[in-house]
Amino acid sequence: MVPLDRIPSRPQPRSPTGQLWGTYRLRGGTAKYILHSSAGAVRSRPRIPRGVEVDRGSRVTVPGVRRHHHETLRHARYARGRRGGALRSTPTGEERKDRGQAETNRTACPVESEKWLTRLNVTVAQSAFQTGRRVACRRAFSNKGCRSRNPSGMVARAEAKNILFDADSRAKMQIGINKLADAVGVTLGPRGRNVVLEQPYGMPNVINDGVSIARAIELQDAVENAGAQLIKEVAGRTNDSAGDGTTTACILARELIKFGIQVITAGSNPVNVKRGIDKTCDYLVERLREKAQPVSGRDDIKNVASISAGNDSFVGEMIADALDKVGADGVLSIESSTGTETTIEVEEGMEIDRGYVSPQLVNNMERMLCEFENTLVLVTDHKLTAISQIIPLLEKVSQTKQPLLIIAEDISGEALATLVVNKLRGILNVCAIKAPGFGERRKALLQDIAIVTGGEYISKDLGLNVEDVEMEQLGSARKVTVAQTTCTLIADAGSKEEIKARVSQIKQELERTDSLYDTEKLSERIAKLSGGVAVIRVGAATEAELEDRKLRIEDAKNATFAAVEEGIVPGGGAALLHLSTMVDDFAASLTDPEEKMGAEIVRKSLMAPCRLIADNAGVEGDVVIEKLMPMSWEMGYNAMTDEYENLLASGVLDPTKVTRSALQNACSIAGMLLTTQAVMVEKPAKKGGSAAAAAGGPPGGFGPQGMPSGMTI
């Protein structure tokens, strides 16, 4: 008999679902039993020392397994010979018979876990290779010898985790929070700097936008990265709700967490401290709304946009002009320009993303357009295919000598041929387009068109037919321009009350939706109903400057709409600084001393934005705060001119909605983190992976620039 040593194995086939099989492998001179599953998992069994000789049919009690649970080795008799340095195994005829029988008996046998494997029949593989240092065994299961507690045969196994507790977890996360806040904080204020962001491909971005910087940060340490992700959530939520103020929100959250960890480490109850923070936040939000002033005119809009764009008066002037043309309910779209100049274009009327159904209907052959004035409009969701559907209407329209625009779900067959023939013969000036949108959104858009044109929506749901349409049910448009892919309606016949009611209804839907796609489409519908769409085409000399300018204009646009919605407050961090002076009166009404600590945390944190704006301007922040504390609400520090002045009069303004969102989101995340007692992160993978991974590059053998390893441009 020969011990289990240096006998190579042949590859083991995968078993059907629910089956398991095993192999013996040599690791450091010890045969180790490995349990394989059809799901790809690997389970380790206790080791069998080198030199153990096992005769056929003998039982080996495996250490670590419950009593009476053994493994039966069918045989372990080998012959070893050397021919030209190669290792060989010579099975006997009886061993070949046993091997064939084991292959037949290997059937699915569900097990609960490796600890409950019993009486496993093991067959040692008989093939040998020239190189290799493993011993392979195929295990055949017998239904009689295997008892199961898990009918599914699946074994659940979680990934290894690292867990940190108490002060260690909070301190480690605070390191990541500080890294993110420091990177974002350099952009705060009129004298803030830019940050360079490396891209997977192409040129790096040089930007001043807080939320874009926060989203690009991923830290190597898992616990630190968890803290950074929480602050990233503050920036993202503030950007979604107000569109600006993301840097202020990150700075506030960092300060709240820093002072909160100090009092919790000293022994305060984090739950009571969080309760004090929440109560103080609610009180300050109410006071902020009381102090807010509504936007009074074009100058306020210009000032808000200019401050948000980094004191760029050109951007403020351009956004003010756009809002004058499209109104407060209009839509501002930002696109890249092919040139170096930034321009603005206003699209009047309602634009529909559908063109004519046939080029034979155009009347301007040079530009391939169909242009009508004082046009009748039919709006329906019927499919027009038969000539009998439209003949009664065409006869009535031909008597008025007015052009006709048909908007229907589909126009084809005899109906389309009739329109083309009458158009070519000069009997009718008619054009037809398909209804925009799909499904329920199509019906809503058709109703919008009917309201704007002052007509009636001929709907199948209401039992209305095109054959029975009267002239009074048709809408009218002052001008209609139909291209190959778009149609623009300029209509004045719609009732102002109906349009206003429709806009209010869509705004209610906008408040209830959580989908970004639905939000965009509902905003477009509001703009088409209320005025139009202004397109700002941004130009720049280089790609890096273009991206930075687009982000600044996007912030200015969002800040402007936020100011129109909830009003304005003094900018430059002055509003938050003056709110901190109101905390003492509120804290006196709290009875719990730990809740008072929470109020004190909020009071000290509200000074941070003003301090950082002064620091970025090269001025001592604490000195600025001491001078501003006794001043009135509208007074503040203008970092651009280095003067203390009335910020409302000088045009340094912040939208109330931006300040409110930053305060609420920062207090929310800070309260959640302060009540954290443990952090659980995935355990780092062992070293020894691919070269690209070891070098810090992306997985899959790619370098930092996205190219395959070893390749350059």
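## Contacts and overall make-up

Among contacts in the protein chain with a separation of 6 or more, 71% join residues 24 or more positions apart. Keep in mind that this is a predicted model. The chain has 713 residues, and 48% of them count as buried. Its secondary structure runs to 22 helices and 30 strands.

As for the outside, the accessible surface adds up to about 35,600 Å². Carbon and sulfur atoms hold 49% of that area.

## Two nonpolar cores

The largest nonpolar core has 59 residues, and the members that touch the most others are Leu 180, Leu 284, Leu 579 and Leu 606. Helix α5, residues 246-265, gives this core its largest share, at 10 residues. There is also a second, separate core of 53 residues, with Leu 428, Val 482, Leu 489 and Ile 506 among its members.

Leu 579 is a handy place to look into the bigger picture. Leaving out residues up to four places away in sequence, Leu 579 touches Leu 284, Leu 288, Leu 606, Trp 633 and also Arg 287. Two of those partners, Leu 284 and Leu 606, are themselves on the list of residues touching the most other core members.

## Ala 670 and a long-range pairing

Ala 670 sits in helix α21, which spans residues 656-674. Its relative accessible area is 0%, so Ala 670 counts as buried.

What does Ala 670 touch, once residues up to four places away in sequence are set aside? The answer is Leu 256 and Ile 257. The pairing with Leu 256 spans 414 residues in sequence, yet the two C-alpha atoms are 6.0 Å apart in space. Helix α5 covers residues 246-265, so that is where to look for both partners of Ala 670.

## A buried lysine without a salt bridge

Lys 423 belongs to helix α10, residues 413-424. Here's the odd bit: Lys 423 is buried but makes no salt bridge. The nearest side chain of opposite charge belongs to Glu 371, and that is 12 Å away.

So who keeps Lys 423 company? Not counting neighbours within four places in sequence, its contacts are with two stretches: Gln 360, Leu 361, Val 362 and Asn 363, and then Leu 428, Asn 429 and Val 430. Leu 428 also turns up in the second core.

## A nonpolar patch on the surface

Not every nonpolar side chain is tucked away. Ile 163, Phe 165 and Met 680 make up a nonpolar patch on the surface, and together they offer about 320 Å² of accessible area.

Met 680 is part of strand β30, residues 678-682. It counts as exposed because its relative accessibility is 55%, and the cut-off for exposed is over 50%.

## Two positive phi angles

Most residues other than glycine have a negative phi. Which residues have a positive value here? Asp 166 is one, with phi near 55 degrees, and Met 368 is another, at about 55 degrees.

Their settings are worth a look. Asp 166 lies in helix α2, residues 166-185, while Met 368 is in the loop between β16 (350-352) and β17 (370-380). Asp 166 has a relative accessible area of 36%, so it is partly exposed. Met 368 is partly exposed too, because its relative accessible area is 33%.

Key:
Residues are numbered from 1 along each chain as its sequence is written. This is a predicted model: local features need pLDDT of at least 70, side-chain atom pairs count only at pLDDT 80 or more; totals for chains, interfaces and linings use all residues. Side-chain values use heavy atoms; hydrogens and water are left out. Patches are made of residues with over 30% relative accessible area and no salt bridge: like charges are joined within 9 Å, nonpolar side chains (Val, Leu, Ile, Met, Phe, Trp, Tyr) within 5 Å. Accessible areas come from the Shrake-Rupley method with a 1.4 Å probe; for residues, only the protein chains shown count as cover. A salt bridge is a side-chain nitrogen of Lys or Arg within 4 Å of a carboxyl oxygen of Asp or Glu. Helices (H or I, at least four residues) and strands (E, at least two) are DSSP runs, numbered from the N terminus. Buried means under 20% relative accessible area, exposed over 50%, partly exposed in between (1.4 Å probe, protein chains only). Lys and Arg count as positive and Asp and Glu as negative; His and the chain ends are not counted. Contact means heavy atoms within 4.5 Å. A nonpolar core is a set of buried Ala, Val, Leu, Ile, Met, Phe, Trp, Tyr and Cys residues joined through side-chain atoms within 4.5 Å.
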